Amino acid sequence: MRRAGLVCLFSSSSFIFFFLVSLMISSTFYMARRGFHGSSRALEHAYDYVVIGGGSGGLASARRASARGAKTLLIETQHRLGGTCVNVGCVPKKVMWNAASVSEALRDAKQYGFSDAGSASFDWAAFKVKRDAYVARLNGIYERNLTNDQVEHVQGWASFDGNDKIHIQPAQGDGFHVTGKHVLIAPGGHPVMPSIPGAEHAINSDGFFDLEHQPKRVAVVGTGYIGIELAGIFHTLGSQTTVFSRTQQILRPFDPIIKDNVLKEMQTVGVDFAFDTKIHALERDSPNGPIRMQYESAGKAASLDVDTVLWATGRAPNVSGLNLASTGIQQSKRGHIVVDDYQNTTVPGVYALGDVAGNHELTPVAIAAGRRLADRLFGGEEFKDAKLDYSSIPTVIFSHPTAGTIGLTEQQARDAYGSDNIKVYTSRFTNMWFAMLEHKEPTAYKLVVAGPEERVVGVHLFGRGSDEILQGFGVAVKMGATKKDFDSCVAIHPTAAEELVTMK
């Protein structure tokens, strides 16, 4: 009995001892996998690849590197993964654009014989709850993907301590250092706000997604694609919308067949525009009262009372907290990190891509560049020269209707090849969708071709469905298709896209 009791006591003690050891090991592993959350002392850790930024480009590059066997750490400042695109950019913007498109369809439905359609009202507050829940699900998916791909990740603030050491200050606990054989800088960018009296009364594009209720009167300052897209959403959902431009144009980098038609259609459906403007001040007497905009238009003083002012005049790279001064990393005058065709910075072993590098600030570009960089660094001989080709990148404006472009504008093509070597094909028509409608929304397409072989060097689309149509024709342009190749494809009838293979 006594021996049995001793055995039982020993067994119990052994169980407790091994349980505690296992618990310590599991806790240590969990802290490492979760990026040292709760770490209470400075540590030194070496990695093959350290990625600063948990946006689309950083996530894609980190996962690809880990899949190729690299010990990878990702550091993200925000409490949620996905960066601008997922949280305050293309994803929730497209959800709002979809809602606006449903509103358009409801208005059109009456003329298609649905007599009871068109009377529904839009519940902005309820829809925001659903939209935010969708984004939160995506955040969780990104985190699970990192875990599944064995990428260690931490929420914290990363900064350089010399060329080869990264200091991390976690959201909780003491800071610590890590080193990486290769370091990627991909923290993204942020909206720029004005330095004028009362600027605190305005919101930026991030703030658009914080609006709990739909404003009745909106002013959008800025005519790049972000400003035009958000202005279109506001207007289509019923807000009285005024767009402020400091010139006589909108969407200035785009071909005239896009920017001129977008402007004309927005004006036709009731969006107001103020051109040649300079905003002097924003005034507000009470937190919930109207905002008075004091501005000049064509040199004349003017004012406008609105409920919301949205500033969309540009973005800047997130570099202020990186302590780049401790490194040899070169920056442009606008603060972007200077890189070569392979995403190399001026410091060996340190790379940059996405908004922080300022080259085609588009989510799919950052993803593609990040994956190719990881392939080159960790993919072996097969991928030693991998890099993204930044020429002929397709992009879409989610205006109402949509517009899309790939390649050179007509003027860029004439500058590059000479006017004698350029030919332009255009088609303007009414999409069959509007055959039953009183308002005949226009569609306009342009092909820019170069040389005697008429290689297609630019495709510019304006009109319903342009966003979906462009992707396939983008493949053709990347493959070097000619006008003859386009003509050789049998048209799909009746569609809008058939115009691109039947132009004369």
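The exercises below, each with a worked solution, concern a predicted model.

**Exercise 1. The cysteines**

Find which cysteines form a disulfide, and decide for each partner whether it is buried, partly exposed or exposed.

Solution. Begin with the count, since the structure holds 1 disulfide. Next look at the sulfur atoms of Cys85 and Cys90, which lie 2.1 Å apart and form this link. A pair of cysteine sulfur atoms counts as a disulfide when the two are within 2.5 Å, so the pair of Cys85 and Cys90 qualifies. The angle about the S-S bond is -140 degrees, and the link of Cys85 and Cys90 is left-handed. Now turn to the accessible areas, where buried means under 20% and exposed means over 50%, with partly exposed in between. Cys85 has a relative accessible area of 10% and is therefore buried, whereas Cys90 has 29% and is therefore partly exposed. By the same reasoning, Cys489 counts as partly exposed because its relative accessibility is 45%.

**Exercise 2. Helix 7**

Work out how the span of helix 7 agrees with the expected value, and how many of its residues are buried.

Solution. Helix 7 runs over residues 225–236 and has 12 residues. The expected span is 1.5 Å times one less than the number of residues, and for helix 7 this comes to 16 Å, close to the 16 Å that it reaches from its first C-alpha to its last. Then consider burial: 10 of the 12 residues of helix 7 are buried, and the helix is mostly covered. Among these buried residues are Ile228, Leu230, Ile233 and Phe234, together with Glu229 and His235. Finally, look past the end of the helix, where Gly238 follows with a positive phi near 115 degrees.

**Exercise 3. Two loop residues**

Locate Tyr112 and Thr409, and decide for each whether it is buried, partly exposed or exposed.

Solution. Tyr112 sits in the loop between helix 4 (90–109) and helix 5 (124–148). Its relative accessible area is 35%, and Tyr112 is therefore partly exposed. On the surface, Tyr112 joins Phe114 and Met436 in a nonpolar patch, and together they have about 340 Å² of accessible area. Thr409, in turn, belongs to the loop between strand 18 (403–407) and helix 10 (410–417). Because its relative accessibility is 10%, Thr409 counts as buried. To see what surrounds Thr409, set aside its neighbours within four places in sequence; Thr409 is then in contact with Pro253, Phe254, Asp255 and His460.

Note on methods:
Residues are numbered from 1 along each chain as its sequence is written. This is a predicted model: local features need pLDDT of at least 70, side-chain atom pairs count only at pLDDT 80 or more; totals for chains, interfaces and linings use all residues. Side-chain values use heavy atoms; hydrogens and water are left out. Patches are made of residues with over 30% relative accessible area and no salt bridge: like charges are joined within 9 Å, nonpolar side chains (Val, Leu, Ile, Met, Phe, Trp, Tyr) within 5 Å. Accessible areas come from the Shrake-Rupley method with a 1.4 Å probe; for residues, only the protein chains shown count as cover. A salt bridge is a side-chain nitrogen of Lys or Arg within 4 Å of a carboxyl oxygen of Asp or Glu. Helices (H or I, at least four residues) and strands (E, at least two) are DSSP runs, numbered from the N terminus. Buried means under 20% relative accessible area, exposed over 50%, partly exposed in between (1.4 Å probe, protein chains only). Contact means heavy atoms within 4.5 Å.
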